[in-house]
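Take a walk through this model with the coordinates open. The route starts from a pair of aromatic rings and moves outward from there.

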Amino acid sequence: MDTAAKQSPAPAAEKPSGAAYRNLVMATIGFALTFWAWNLIAPMSADYKDRLGLSSFQQSLLVAVPVLVGSLGRIPVGALTDKFGARLMFPLISALTIVPVLLLIPAKDSYGAMLAVGFLLGLGGTTFAIGIPLVNSWFPPSDRGLALGVFGMGMGGVALSGYFTPRIAKHGDNLPFLVVAGALVVYAALAAVLVNDRPGRQVPTDTLAHRLGAAGRLRVTWELSALYAIGFGGIVAFGVYLPTYLKTWYELSPTDAGTKAAGFALVTVIFRPIGGWLSDRVHPAVVTSFALGVAALMAIVQAFDPKLAPGGTIALLVMAAGLGTASGSVFALVSQVTPQAKVGSVTGIVGAMGGLGGFVPPLVMGAIYSAKGSYSIGFMLLSDLALAGCVYAYGRMRTIQRDA
């Protein structure tokens, strides 16, 4: 996804245009709606577990499959965005996501069918790779961290799903899928009219393999991928697994568990632009290091299984703030430590790895609980990863010069 990178960079003194803000708003809304669709299975997973007689691991796999597909799908979708632009890709992907959303209705009584539809539902998680180059191209460097952070608030679709999906389902098992499908129809129509690529967009002439190969040879690509896998991966993992954790460990009802999980997701949404805003003022590596350090500390607290009120709630919400801040600051870091000509391609790989970071933890948490009857080991593993990211971001990434 190096289209934005190949365009002429905006002067530092340039102010974003009205078109820039319009595209930011449309990209954020589209990101939120497709993320809601992407996360439709997780809030209902406890119901599917009871209905289909699933083990904890099978339940975890069910909610993790869309995450895996959505993450890997960002690479080809990003390449297609390079070729055809966000003006085509946003309405197209939004419209295509309607298909698996509606297929959840006939598939709900078969585990195999649910896995297959979950695979297709991963398409909704790929819009991240469309929005990042779109927003990046419209905003000058001085405002880019905050703008990308605001776009990242679209991951609040996870919170929307966690809060509204089980409540809507009370009025009809199929109603959540019909509501989301209808919203996607409206958005796809609006996006076809209101989303525009920046004038002068250059279509890349080299192959996808060449662009990804060049980005993959950069050490910084994998360093950023690791940091984003911890920050954003942690958000995705908790977004899809927290309802199950709260229901299983704290014995909450599906509605209460979904509500509290939505609160966690909402905090990450609020703190993502804060991470971007801070990174426009302080080196983003420092912001990332501090945020991951906070997340590591709270994971250790939660590993000791505090009561949900108030200890567990405080620990989970502060952890959400740390992960949200880190996910915002890492993409500000991308534009500062990556060669300008390769920002787009690096973004695609980093975004994919971040999503993959959310695929593994639900499987690990489910497997550990099935084997040990406890989640403590899982939280300690999370704290170890976050602490490693904290030390590496401060010790290594802070020393890389800013890219003017």
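Helices here are DSSP runs of H or I with at least four residues, numbered from the N terminus. The model is a predicted one. With that in hand, go to helix H12, which covers residues 219-249. Tyr228 and Phe232 both sit in H12, four residues apart, or about one turn of the helix.

How buried is each of the two? Tyr228 has a relative accessible area of 0%, so Tyr228 is buried. Phe232 also has a relative accessible area of 0%, so Phe232 is buried.

Now look at aromatic pairs across the model. A pair of aromatic rings is described by the distance of the centres and the angle of the planes. The count comes to 16 aromatic pairs. Start with Phe35 and Trp38. Their ring centres are 4.6 Å apart and their planes meet at 50°, a tilted pair because that angle falls between the 30 and 60 degree cut-offs. Phe35 and Trp38 both belong to helix H2 (residues 18-38). They are three residues apart, about one turn of the helix. Both are buried.

Return to H12 for the other geometry. The ring centres of Tyr228 and Phe232 are 5.1 Å apart, with planes at 5°. That pair is stacked, because planes under 30 degrees apart count as such.

These pairs belong to something wider. Which residues do ring pairs link into a cluster? They are Phe31, Phe35, Trp38, Phe128, Phe151, Tyr228 and Phe232.

Next, bring in Arg74. Arg74 is found in helix H4, residues 56-84. Is Arg74 buried or exposed? Its relative accessibility is 1%, so Arg74 counts as buried, the cut-off being under 20%. The side chain of Arg74 reaches the backbone oxygen of Gly125 at 2.9 Å. Set aside the neighbours within four places in sequence, and the contacts of Arg74 include Phe35, Trp38, Phe128 and Phe232. Those four names also appear in the ring cluster. Arg74 is in contact with Gly125, Thr126 and Ala129 as well. Gly351, Ala352 and Gly355 complete the list of its contacts.

Stay on H4 for two other residues. Gln59 lies in this helix. At 3% relative accessibility, Gln59 counts as buried. A polar contact of 3.2 Å joins its side chain to that of Ser45. Beyond four places in sequence, Gln59 is in contact with Ser45, Ala46, Lys49, Leu54 and Thr244.

Thr81 is in H4 too. Its relative accessibility is 6%, so Thr81 counts as buried. A polar atom of the Thr81 side chain lies 2.8 Å from the backbone oxygen of Val77. What does the C-alpha distance say about Thr81 and Ile130? They are 49 residues apart in sequence and 6.1 Å apart in space.

For a contrasting pair, go back to H12. Val220 has its place in that helix. At 8% relative accessibility, Val220 counts as buried. Val220 and Trp138 are 82 residues apart along the chain, and 24 Å separates their C-alpha atoms.

Now turn to helix shape. Helix H9 spans residues 157-169, 13 residues in all. From first C-alpha to last, H9 reaches 17 Å, close to the 18 Å expected at 1.5 Å a residue. Where does H9 bend? The bend is at Tyr163, by about 25°. A proline, Pro166, follows within four residues. Pro166 is among the buried residues of H9, which also include Gly157, Val158, Ala159, Ser161 and Gly162. Thr165, Ile168 and Ala169 are buried as well.

Compare helix H14, residues 284-303. H14 has 20 residues and reaches 28 Å, close to the 28 Å expected at 1.5 Å a residue. After H14 comes Asp305, with a positive phi near 50°.

Finish with confidence. The mean pLDDT of the protein is 83, and 93% of its residues reach 70 or more. Among the elements, helix H10 (residues 175-194) has the highest mean pLDDT, 94. Helix H1 (residues 3-6) has the lowest, 42. Over residues 1-12, pLDDT stays under 50. The model has 42 contacts beyond four places in sequence for that stretch. Where pLDDT is low, the predicted coordinates should not be read in detail.

Terms used:
Residues numbered from 1 in each chain as written. Predicted model: local features only at pLDDT ≥ 70, side-chain atom pairs only at ≥ 80, totals over all residues. Heavy atoms only, no water. Expected span 1.5 Å × (residues − 1). Bend = angle between axes of the 7 residues up to and from the residue. Buried < 20%, exposed > 50% of the residue type's maximum accessible area, 1.4 Å probe, protein only. Polar contact = N/O pair within 3.5 Å; in protein donor to acceptor, adjacent residues only side chain to side chain. Contact = heavy atoms within 4.5 Å. Phe/Tyr/Trp six-rings, centres within 6.5 Å; stacked < 30°, edge-to-face > 60°. pLDDT = per-residue confidence, 0-100.
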